[in-house]
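Grab a pencil and work through these exercises at your own pace. Try each task before you read its solution.

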Amino acid sequence: MTSHQRLANSVAIITGSSSGIGKAIAIEMAREGASVVINFHKTSEGADDALAQIQAFGGKGITVKADVSKEEDVKNLFARTIEAFGRLDILVNNTGRQMDAPFLEMTLEQWDGVISTNLTSQFLCSKEAAHQFVKQAKENPKDEDLSIGKIICMSSVHDMIPWAGHVNYAASKGGVLMFMKSIAQELAPLKIRVNAISPGAIKTPINKEVWGDPEKLPGLLDLIPYKRIGKPEDVAKATIWLASDESDYVTGETLYIDGGMMLYPEFADNG
Ligand code: BGC
């Protein structure tokens with residue numbers, strides 16, 4: 001491992017990292033020298049594959065099963081992390097899901113399912129991480145005037161763009177935006193940095209139904225001025241910067257990684 005790795009000697013938990021964006025972040029962070037905790041919810045194959053890829057280039061990691069919307073599971077996830085690596089430097093609140101339905105038909109189960117997976121999980125994990133950061137800083141003060149820990153909240157362009165048929169999802173991401181900013185404000189004096197990443201349409205299992213359907217794909221591309229679907233690596237690369245000391249003066253910010261989806265492309269030739 002070379003010395004220019006931007007996350008050398010760091011330990012990172014990436015929730016929901018057995019597929020999609022989370023998996024790409026875990027691999028990229030390990031490439032940058034972090035020891036990574038790969039979290040999965042139900043089946044371990046995706047997490048095992050991420051770990052195998054990481055170990056193949058000499059990186060370090062473990063896999064941990066946890067439903068991050070459950071407090072007991074979250075406590076266990078953090079305990080396993082400390083047991084394996086002795087500390088924590090970065091939390092990526094990545095876990096997310098969609099349970100789509102027209103509003104008039106949306107069940108309480110679909111509402112609660114998305115809010116707890118996408119938003120409550122971020123509350124539980126961020127609280128645990130902040131406690132750990134403070135504890136470490138007390139036991140072992142850093143010499144440099146740098147952040148004692150970083151939290152990155154995975155949001156979505158739908159923290160700003162309303163989304164009919166997906167109100168549980170859009171509401172959860174709007175919640176992530178204000179959750180992120182409020183804890184950023186509260187934790188800045190403790191030197192904990194909190195930021196968000198808001199991806200647009202990234203090619204992952206969550207939206208395969210759209211990009212994988214030749215009839216729906218053109219409609220999706222119409223919403224992306226940059227005219228391509230994003231790759232998980234597009235998001236992972238930006239996450240590295242936000243997690244590294246290169247962004248030490250950045251907190252409470254959202255980075256949109258969306259090929260211009262937030263630029264209202266429907267207005268390019270209309271209005
Ligand atoms: C959703 C995707 C969608 C994208 C752009 C994401 O947050 O999970 O399904 O393609 O936003 O609308």
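**Exercise 1.** Leaving aside its neighbours within four places in sequence, which residues is Glu28 in contact with? Contact means heavy atoms within 4.5 Å.

*Solution.* First, a word on what you're looking at: this is a predicted model, where local features need pLDDT of at least 70, side-chain atom pairs count only at pLDDT 80 or more, and totals for chains, interfaces and linings use all residues. Residues are numbered from 1 along each chain as its sequence is written, and side-chain values use heavy atoms, with hydrogens and water left out.

Step 1: find Glu28 in helix 1, residues 20-31. Helices are DSSP runs of H or I with at least four residues, strands are runs of E with at least two, and both are numbered from the N terminus.

Step 2: look for its partners, skipping neighbours within four places in sequence. They are Ala236, Lys237 and Ile240.

Step 3: check the cover. Glu28 has a relative accessibility of 12%, so it counts as buried. The cut-offs are under 20% relative accessible area for buried, over 50% for exposed, and partly exposed in between, using a 1.4 Å probe and protein chains only.

**Exercise 2.** Work out which residues surround the ligand and which side chains offer it polar atoms.

*Solution.* Step 1: list the shell, which takes residues with a heavy atom within 4 Å of the molecule. You should get Gln98, Ser156, His158, Trp163, Tyr169, Gly200, Ala201, Ile206, Asn207 and Met261.

Step 2: sort them. The shell has five nonpolar residues, five polar and no charged ones. Here Ala, Val, Leu, Ile, Met, Phe, Trp, Tyr, Cys and Pro count as nonpolar, Asp, Glu, Lys and Arg as charged, and the others, Gly among them, as polar.

Step 3: look for polar contacts, meaning pairs of N or O atoms within 3.5 Å. A side-chain N or O atom of Gln98 sits 2.6 Å from a ligand oxygen. For Ser156, the distance from a polar side-chain atom to a ligand oxygen is 2.7 Å, and for Asn207 it is 3.2 Å.

Step 4: ask how covered the ligand is. Alone, the ligand exposes 310 Å², and the protein buries 90% of that. Such areas come from the Shrake-Rupley method with a 1.4 Å probe.

**Exercise 3.** Is Tyr169 buried or exposed?

*Solution.* Step 1: locate Tyr169 in helix 5.

Step 2: read its relative accessibility, which is 8%, so Tyr169 is buried.

Step 3: see what it touches, not counting residues up to four places away in sequence. Its contacts include Gln98, Ser156, His158, Trp163 and Ile206.

**Exercise 4.** Where do Lys191 and Lys227 sit, given their positive phi values?

*Solution.* Step 1: recall the usual pattern. Most residues other than glycine have a negative phi.

Step 2: take Lys191, with phi near 70°. Lys191 is in the loop between helix 5 (167-187) and strand 6 (192-199), and it is partly exposed at 32%.

Step 3: take Lys227, with phi of about 60°. This lysine is in the loop between helix 7 (217-221) and helix 8 (232-243); at 49%, Lys227 is partly exposed too.

**Exercise 5.** How many helices and strands does the protein chain have?

*Solution.* Step 1: count eight helices and seven strands.

Step 2: look at burial across the chain. Of its 271 residues, 49% are buried.

Methods
A polar contact is a pair of N or O atoms within 3.5 Å; within protein, one must be able to donate a hydrogen and the other to accept it, and residues adjacent in sequence count only if both atoms are side-chain atoms.
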